[in-house]
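Biologist: I have a model to go through with you. Show it to me, and I will ask how each label was earned.

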Amino acid sequence: MDARSEHEFREFVDARSLALLRTAYVLTGDQHLAEDLVQNALAKLAARWHKVNEPEAYVRRAIYHDQVSRWRRRARIREDPAATPGVGNAGAVHDPAARDPAEQVGPRLDVLQALRKLAPRQRAVLVLRFLEDLPEREVAAVLGCSVGTVRSQTSRALARLRVLAPDLADHPLAAAAAAARKPTSMEVRP
């Protein structure tokens, strides 16, 4: 890698590492595994830097595929959030100095626990759609599936979350998210 390419790569890493780490953390539920996923994906990107047109999409795809490989090898994460290292400091992934108000800790742990119980693809769809705020078309590109699959997986995952964490339906953030949600073409509009 020449000096110019190395400089561009370093700028990309500096600018996007935190967002990539946040995505990997939500997929894994473990800070150390998330760091490993991001580091491996960035190493793959560095080797192909001059050939990749969309580096962020390349890295996100690598993170997702590496995590799916881990799931397939049955290297599953423990499902007890109280026993999982790093969950208590979930805010540290976003901003090391950030502290959660006490009333948000319980719902946050409920969401993390419920996400861990979802199927890998459903969890990935929710992370990409709602945490990363990617449109359905981009999620489909990252996951290598159709837009219809993204829609059906999103619907099934949200339905499953409602079953796994029914207390969250009354949470103010859930009401705000429902109000902000755009109706699909199949829904009846008033």
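Modeller: Start with Glu138, which sits in helix α7, residues 136-143. Keep in mind that the model is predicted.

Biologist: Why is Glu138 called partly exposed?

Modeller: Its relative accessibility is 42%. Buried would need under 20%, and exposed over 50%. The value falls in between, so Glu138 counts as partly exposed.

Biologist: How far is Glu138 from Leu128?

Modeller: Their C-alpha atoms are 8.8 Å apart. Along the chain, 10 residues separate the two.

Biologist: What makes α7 roughly perpendicular to α8?

Modeller: The axes of α7 and α8, the latter spanning residues 147-164, cross at roughly 100°. Angles of 65 to 115 degrees count as roughly perpendicular. The crossing angle lies in that range, so the label holds for α7 and α8. The two axes come within 8 Å.

Biologist: Which residues make the contact?

Modeller: From α7, Glu136, Arg137, Val139 and Ala140. From α8, Val147, Val150 and Arg151.

Biologist: How do the residues of this contact divide into nonpolar, polar and charged?

Modeller: There are 4 nonpolar and 3 charged residues in the contact of α7 with α8, and no polar ones. Val and Ala count as nonpolar, Glu and Arg as charged.

Biologist: Now the chain as a whole. How many helices and strands does it have?

Modeller: The chain has 9 helices and 0 strands.

Biologist: What share of the chain is buried?

Modeller: Of its 190 residues, 38% are buried. The accessible surface is about 11600 Å², and carbon and sulfur atoms account for 53% of that.

Key
Residues numbered from 1 in each chain as written. Predicted model: local features only at pLDDT ≥ 70, side-chain atom pairs only at ≥ 80, totals over all residues. Heavy atoms only, no water. Helix = DSSP H or I, 4+ residues; strand = E, 2+ residues; numbered from the N terminus. Buried < 20%, exposed > 50% of the residue type's maximum accessible area, 1.4 Å probe, protein only. Axes fitted to C-alpha atoms, helices over the stretch in contact; angles between N-to-C directions. Parallel < 35°, antiparallel > 145°, perpendicular 65-115°, else oblique. Contact = heavy atoms within 4.5 Å. Areas by Shrake-Rupley, 256 points an atom, 1.4 Å probe, with all protein chains shown as cover.
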